[in-house]
Amino acid sequence: STKAQFRTIIAASFGSKISLFEGKVIGNLIFEKRGKAGFGYDSIFIPKGYEKTFAELGDVLKNKISHRALATQKFLKELYLL
């Protein structure tokens, strides 16, 4: 396997303030596809702390731990604090 990480950055303007919200997931790429759920690299990426690929974990769990989900959670938290 090969180490990998995926990042999402959300940029938002709140008046004159620009805020960045980063989500990052670290893990490993494998060389055989596993699982049917998801798209793109989901069948070859195993997030750190798991033994299954994103495709094997399924959308519900993936959407809680993915880089996109983490960035979105930070963004929404900021919105609720405004």
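## A β1-β2 hairpin, its sheet and its salt bridges

Strands β1 and β2 form a hairpin with two residues between them. Gly15 sits in the turn and has a positive phi of about 65 degrees. The coordinates discussed here are those of a predicted model.

**Overall layout**

The chain has three helices and three strands. Read from the N terminus, the order of elements is β-β-β-α-α-α. Along the principal axes, the C-alpha atoms fill a box of roughly 45 × 25 × 20 Å. The chain has 82 residues, of which 34% count as buried. Its accessible surface comes to about 5,600 Å², and carbon and sulfur atoms account for 57% of that area. Of the contacts between residues at least 6 apart in sequence, 34% join residues at least 24 apart.

**The sheet**

The three strands form an open sheet with the order β1-β2-β3, and the pairing is antiparallel. Its edge strands are β1, residues 2-14, and β3, residues 45-47, each of which pairs on one side only. On average, neighbouring strands of this sheet are turned by 45 degrees against each other, direction ignored. Strands of a sheet pair through backbone hydrogen bonds, in either a parallel or an antiparallel arrangement.

How many bridges join β1 to β2? There are 13 bridges between these antiparallel strands. Within this pairing, Arg7 stands opposite Lys24 in β2. Strand β2, residues 17-29, is joined to β3 by three bridges, and these two strands also run antiparallel. Gly27 has Pro47 in β3 as its bridge partner.

Helix α3, made of residues 67-81, lies across β1 and β2. The helix runs at about 155 degrees to β2.

**Residues on the hairpin surface**

Ala11 is found in strand β1. Is Ala11 buried or exposed? Its relative accessible area is 57%, over the 50% cut-off, so Ala11 counts as exposed. Leaving aside residues up to four places away in sequence, Ala11 touches Ser19 and Leu20. The C-alpha atoms of Ala11 and Phe21 are separated by 6.5 Å, and the two residues are ten apart along the chain.

Leu20 also takes part in a nonpolar surface patch, which it makes with Ile9 and Ile18. The patch covers about 350 Å². Ile9, like Ala11, lies in strand β1.

**Salt bridges**

The structure holds five salt bridges. The table gives three of them, with the N to O distance for each pair.

| Pair | N to O distance |
|---|---|
| Arg7 and Glu22 | 3.0 Å |
| Glu32 and Arg34 | 3.7 Å |
| Arg34 and Glu56 | 3.1 Å |

The side chains of Arg7 and Glu22 meet in one of these salt bridges. Arg7 belongs to strand β1 and Glu22 to strand β2, so the pair ties together parts that are 15 residues apart in sequence. Arg7 therefore appears in the hairpin both as the residue opposite Lys24 and as the salt-bridge partner of Glu22. Glu22 has a relative accessible area of 30% and is partly exposed.

Which residues are linked in a network of salt bridges? The network consists of Glu32, Arg34 and Glu56. Arg34 takes part in two of the pairs, forming a salt bridge with Glu32 and another with Glu56. The pair of Arg34 and Glu56 links distant parts of the chain, 22 residues apart. Arg34 is in the loop between β2 and β3, whereas Glu56 is in helix α1, residues 54-57.

Each member of the network falls between the cut-offs of 20% and 50% relative accessible area. Glu32 is partly exposed at 42%. Arg34 has a relative accessibility of 24% and also counts as partly exposed. For Glu56 the value is 32%, so this residue counts as partly exposed as well.

**Summary of links**

Two kinds of link have been described for the strands and the loop. Bridges join β1 to β2 and β2 to β3. Salt bridges join Arg7 in β1 with Glu22 in β2, and Arg34 in the loop between β2 and β3 with Glu56 in helix α1.

How values were computed
Residues numbered from 1 in each chain as written. Predicted model: local features only at pLDDT ≥ 70, side-chain atom pairs only at ≥ 80, totals over all residues. Heavy atoms only, no water. Pairing = 2+ DSSP bridges. Helix = DSSP H or I, 4+ residues; strand = E, 2+ residues; numbered from the N terminus. Axes fitted to C-alpha atoms, helices over the stretch in contact; angles between N-to-C directions. Contact = heavy atoms within 4.5 Å. Patch = residues over 30% accessible without salt bridge, like charges linked within 9 Å, V, L, I, M, F, W, Y side chains within 5 Å. Areas by Shrake-Rupley, 256 points an atom, 1.4 Å probe, with all protein chains shown as cover. Salt bridge = Lys/Arg side-chain N within 4 Å of Asp/Glu carboxyl O. Buried < 20%, exposed > 50% of the residue type's maximum accessible area, 1.4 Å probe, protein only.
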